[in-house]
Amino acid sequence: MTDRFETLIDRQIREAQERGEFDNLPGAGKPLPDRNEIADELWWVKRKLAEENLSMPLPPSLALRKEAHAALAQAREATTEAEVRRILEEINERIVEGNRKAMSGPPLNLMPYDIEEFLDEWRLSP
């Protein structure tokens with residue numbers, strides 16, 4: 001017997017149950033995953049990021065530091081001097097812009113790379 005004051009949503013759920021639409025769902029009868037993480041407000045975001053093989057977004061200043069580190073690694077692997085210059089000039093522009101404006105996150109504490117000094121070391125590497 002249904003309640004006189006059954007809401008539309010309650011009715012839709014009840015009818016779906018009666019049709020068996022909730023029978024044999026994956027995970028039926030199993031505990032909810034990550035039940036102990038509910039205290040963390042972002043538990044569901046972290047789980048979704050892990051499922052999608054993504055990482056938490058970094059504050060802009062940390063993201064730029066990460067980009068600068070990756071640019072240095074890329075420049076070390078470059079095969080031509082022109083490619084090294086292009087990589088370092090691009091990241092230097094981003095570093096200058098990052099220092100010029102206030103970025104959220106910890107202080108940037110990053111100076112543009114000395115391209116000539118880097119090239120001197122790059123030319124000596126095997």
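## Helix α1 and the glycine after it

Just past the end of α1, Gly20 adopts a positive phi of about 85 degrees. This is a predicted model, so please read the values here as computed from predicted coordinates. The helix that leads up to this glycine, α1, covers residues 8-19, which makes 12 residues. From its first C-alpha to its last, α1 reaches 17 Å, close to the 16 Å expected at 1.5 Å a residue.

Ala16 is part of helix α1. Its relative accessibility is 7%, so Ala16 counts as buried, the cut-off for that label being under 20%. Setting aside residues up to four places away in sequence, Ala16 touches Glu21 and Phe22. For a sense of distance, take Ala50, which is 34 residues from Ala16 along the chain: the two C-alpha atoms are separated by 32 Å.

## The chain as a whole

Stepping back, the protein chain contains five helices and zero strands, and its pattern along the sequence reads α-α-α-α-α. The radius of gyration is 27 Å, whereas the globule rule gives 14 Å for 126 residues; the chain is therefore more spread out than a compact globule. Along the principal axes, the C-alpha atoms fill a box of roughly 85 × 35 × 25 Å.

Burial and surface can be put beside those dimensions. Of the 126 residues, 18% count as buried. The accessible surface comes to about 10200 Å², and carbon and sulfur atoms account for 55% of that area. Turning to contacts between residues at least 6 apart in sequence, 57% of them join residues at least 24 apart.

## The nonpolar core

Where do the nonpolar side chains gather? The largest nonpolar core has 17 residues, and the members that touch the most others are Ala75, Val84, Leu88, Ile91 and Phe118. Three elements give two or more residues to this core: α3 (60-77), α4 (81-100) and α5 (115-124).

Leu88 makes a handy place to start exploring the core. Beyond its neighbours within four places in sequence, Leu88 is in contact with Leu72, Ala75, Tyr113, Ile115 and Phe118. Two of these partners, Ala75 and Phe118, are also listed among the core members that touch the most others.

## Helix α4 and its two sides

Helix α4 has 20 residues and spans 28 Å from first C-alpha to last, close to the 28 Å expected at 1.5 Å a residue. Its buried residues are Val84, Ile87, Leu88, Ile91, Asn92, Ile95 and Gly98. Viewed down the axis of α4, these buried residues fall within an arc of 130 degrees, so they line one face of the helix. The spacing fits a general rule: an α-helix has 3.6 residues a turn, so residues three or four places apart point the same way.

What covers that buried face? The cover over the buried residues of α4 includes α3 and α5. On the other side of α4, the exposed residues include Ala82, Glu93 and Arg100.

## Asn92 on the buried face

One residue in α4 is worth a look of its own: Asn92, which is found in this helix. Is Asn92 buried or exposed? Asn92 counts as buried because its relative accessibility is 10%, with the limit set at under 20%.

Leaving out neighbours within four places in sequence, Asn92 is in contact with Pro112, Tyr113 and Ile115. Tyr113 and Ile115 are also contacts of Leu88, which, like Asn92, is one of the buried residues of α4.

Notes
Residues are numbered from 1 along each chain as its sequence is written. This is a predicted model: local features need pLDDT of at least 70, side-chain atom pairs count only at pLDDT 80 or more; totals for chains, interfaces and linings use all residues. Side-chain values use heavy atoms; hydrogens and water are left out. A nonpolar core is a set of buried Ala, Val, Leu, Ile, Met, Phe, Trp, Tyr and Cys residues joined through side-chain atoms within 4.5 Å. Buried means under 20% relative accessible area, exposed over 50%, partly exposed in between (1.4 Å probe, protein chains only). Helices (H or I, at least four residues) and strands (E, at least two) are DSSP runs, numbered from the N terminus. Contact means heavy atoms within 4.5 Å. The expected span of a helix is 1.5 Å times one less than its number of residues. The arc is that of the directions from the helix axis to the C-beta atoms. The radius of gyration is taken over C-alpha atoms; the globule rule is 2.2 Å times the number of residues to the power 0.38. Accessible areas come from the Shrake-Rupley method with a 1.4 Å probe; for residues, only the protein chains shown count as cover.
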